[in-house]
Amino acid sequence: MKGDRVEIVIDAGGSTRTYDIEATRAGRRVDVRHGRGLVEVTETTRGGTAVRTARFMAGRVLALVEHPAPRPVLDDDADVTPLRQTA
């Protein structure tokens, strides 16, 4: 969904680097795969065609944070009840 975003923080030998992969157009999504020592983040179209791909060595990935796109509130959404504050 447009607005979906994945933030990747990697160890770059003494410092950290941050990369953002975002679904830039309507109908695109961001997929995350990991295995065999690699983390792969891909922006794909509705049809499944990869638009761009970022690959990182899994041992270097410090954090991978998925930020879903905000969705509008619908009429039938349940109200959120606040948590009780403890004394």
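Student: What makes E4 and E5 a pair in this predicted model?

Tutor: A pair needs at least two bridges between the strands. Strand E4 (residues 38-44) and E5 have seven bridges, in the antiparallel sense, so they count as paired. One spot to look at is Thr42, which stands opposite Thr53 in E5.

Student: Which strands make up the open sheet, and in what order?

Tutor: Three strands, running E3-E4-E5, with antiparallel pairing. From one strand to the next, the twist averages 15 degrees.

Student: Why are E3 and E5 called edge strands?

Tutor: Look at their partners: E3 and strand E5 (50-57) each pair on one side only.

Student: Now Arg28. Where is Arg28 found?

Tutor: In the loop between strand E2 (16-22) and strand E3 (29-35).

Student: And why is Arg28 called buried?

Tutor: Check the number against the cut-off. Buried means under 20% relative accessible area. Arg28 has 16%, so Arg28 is buried.

Student: What joins the side chains of Arg28 and Glu43, and why is that the right term?

Tutor: A polar contact of 3.4 Å. The cut-off is within 3.5 Å for a pair of N or O atoms, one able to donate a hydrogen and the other to accept it, so 3.4 Å makes the grade.

Student: How many of the residues score a pLDDT of at least 70?

Tutor: 97% of them, and the chain averages 86.

Student: In which element is confidence lowest, and in which is it highest?

Tutor: Lowest in E3, with a mean of 90, and highest in E4, at 93.

How values were computed:
Residues numbered from 1 in each chain as written. Predicted model: local features only at pLDDT ≥ 70, side-chain atom pairs only at ≥ 80, totals over all residues. Heavy atoms only, no water. Helix = DSSP H or I, 4+ residues; strand = E, 2+ residues; numbered from the N terminus. Buried < 20%, exposed > 50% of the residue type's maximum accessible area, 1.4 Å probe, protein only. Axes fitted to C-alpha atoms, helices over the stretch in contact; angles between N-to-C directions. pLDDT = per-residue confidence, 0-100.
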